[in-house]
Amino acid sequence: MTEEFSGVAATAAALMEQAHHGDAAADRLAETLPSLTAAAESGHMDAQNVLGGILLEWMDDPSGAAVWFRKTAERGSATGKRSLGHLYANGLGVPKDLAEAERLFEEAAAEGDAHARFNLAQLWWGKADPQAVAGLLRSAAEGGVVDAHVVLGDLLAAMDQDAEALRSYLTAAESGHDGAMYVVARWYRDGTAGRADSVEALKWFLRMIRVGNADGLHEAIDVARRVSDEEIRRAGELAGCRAEAEAMAGTVRKYR
């Protein structure tokens, strides 16, 4: 039975991720709820955490989520502690209590939870030693939290460590973070970290467009107007956007 409940929890967790990208997964997720609830009520910890996540993210029931996260937190689950801490930090389903959130994040972080380290770093931002915050963000980033690279970049930039900040933003951009792509594109355009590179700037503006974010379109056109067709095409090749680059070259040619 434990193996069966583990399978139900794993399936529901995967469907919860997929449901962000389509209705079919959302429908299948709804179908798993009875068996997932049965597994949670039997005491299966993973099922309890997944059910808490569904209640929070998909059913707009943070109070219900808090019940399950509290159960697993009290049993020592780092995921439960971090998730319950998130509720306390934001006053979701429980009274807002930053001290309790910090305690829960610290416990989960000490157990190796990368997301807890990221949350704790954000809670400490502007209050604790910046180096301690940076250490948490680096650890969270190493643990696979892509947003931690972006926030670390913001912190390093505020500390005038632009070269390292750019490396952090680049790591996030290369992982598909469109916000980081935008920062990298503008930094290369402006030479913020000491080296202006119009081809790299245009590459990242094109990558943004490719992933569906057109916020940098006008800035991309402005960069393209100031470089040659050959440089536009090189940026397109680097971005994997040859057709888009060719179209842009045709658009800006008459404005040069």
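Me: What makes the link between the side chain of Asp 197 and the backbone nitrogen of Val 199 a polar contact?

Reply: In this predicted model, the side chain of Asp 197 reaches the backbone nitrogen of Val 199 at 3.1 Å. The cut-off for such a pair of N or O atoms is 3.5 Å, so this one counts as a polar contact. Asp 197 itself is found in the loop between helix 11 and helix 12.

Me: And why is Asp 197 called buried?

Reply: Its relative accessibility is 18%. Buried means under 20%, so Asp 197 counts.

Me: How do you know that the length of helix 11 agrees with what's expected?

Reply: Helix 11 covers residues 178-190, which is 13 residues. At 1.5 Å a residue it should span 18 Å, and its end C-alpha atoms are 18 Å apart, so the two agree. Right after the helix comes Gly 191, with a positive phi near 70°.

Me: Which residues of helix 11 are buried, and what makes them line one face?

Reply: Ala 180, Met 181, Val 184, Ala 185, Trp 187 and Tyr 188 are buried. Looking down the axis of helix 11, they fall within an arc of 165°, so they line one face. An α-helix has 3.6 residues a turn, so residues three or four places apart point the same way.

Me: What covers that face?

Reply: The cover over the buried residues of helix 11 includes helix 9 (146-158), helix 10 (162-174) and helix 12 (198-210).

Me: How many aromatic pairs are there, and why is the one between Tyr 169 and Trp 187 called edge-to-face?

Reply: Two aromatic pairs turn up in the structure. For Tyr 169 and Trp 187, the ring centres are 5.3 Å apart, and a pair needs them within 6.5 Å. Their planes sit at 80°, and over 60 degrees counts as edge-to-face, so that's the name. Tyr 169 lies in helix 10 and Trp 187 in helix 11, so the pair ties together parts 18 residues apart in sequence. Both Tyr 169 and Trp 187 are buried.

Me: What makes Lys 71 a charge over the ring of Trp 68?

Reply: The charged end of Lys 71 sits 5.8 Å from the ring centre of Trp 68. The limit is 6 Å, so the distance passes.

Me: How many helices and strands does the protein chain have, and how much of the chain is buried?

Reply: There are 15 helices and zero strands. Of the 256 residues in the protein chain, 45% are buried.

Definitions and conventions:
Residues numbered from 1 in each chain as written. Heavy atoms only, no water. Helix = DSSP H or I, 4+ residues; strand = E, 2+ residues; numbered from the N terminus. Expected span 1.5 Å × (residues − 1). Buried < 20%, exposed > 50% of the residue type's maximum accessible area, 1.4 Å probe, protein only. Arc of directions from axis to C-beta. Contact = heavy atoms within 4.5 Å. Phe/Tyr/Trp six-rings, centres within 6.5 Å; stacked < 30°, edge-to-face > 60°. Lys NZ or Arg CZ within 6 Å of the ring centre and 35° of its normal. Polar contact = N/O pair within 3.5 Å; in protein donor to acceptor, adjacent residues only side chain to side chain.
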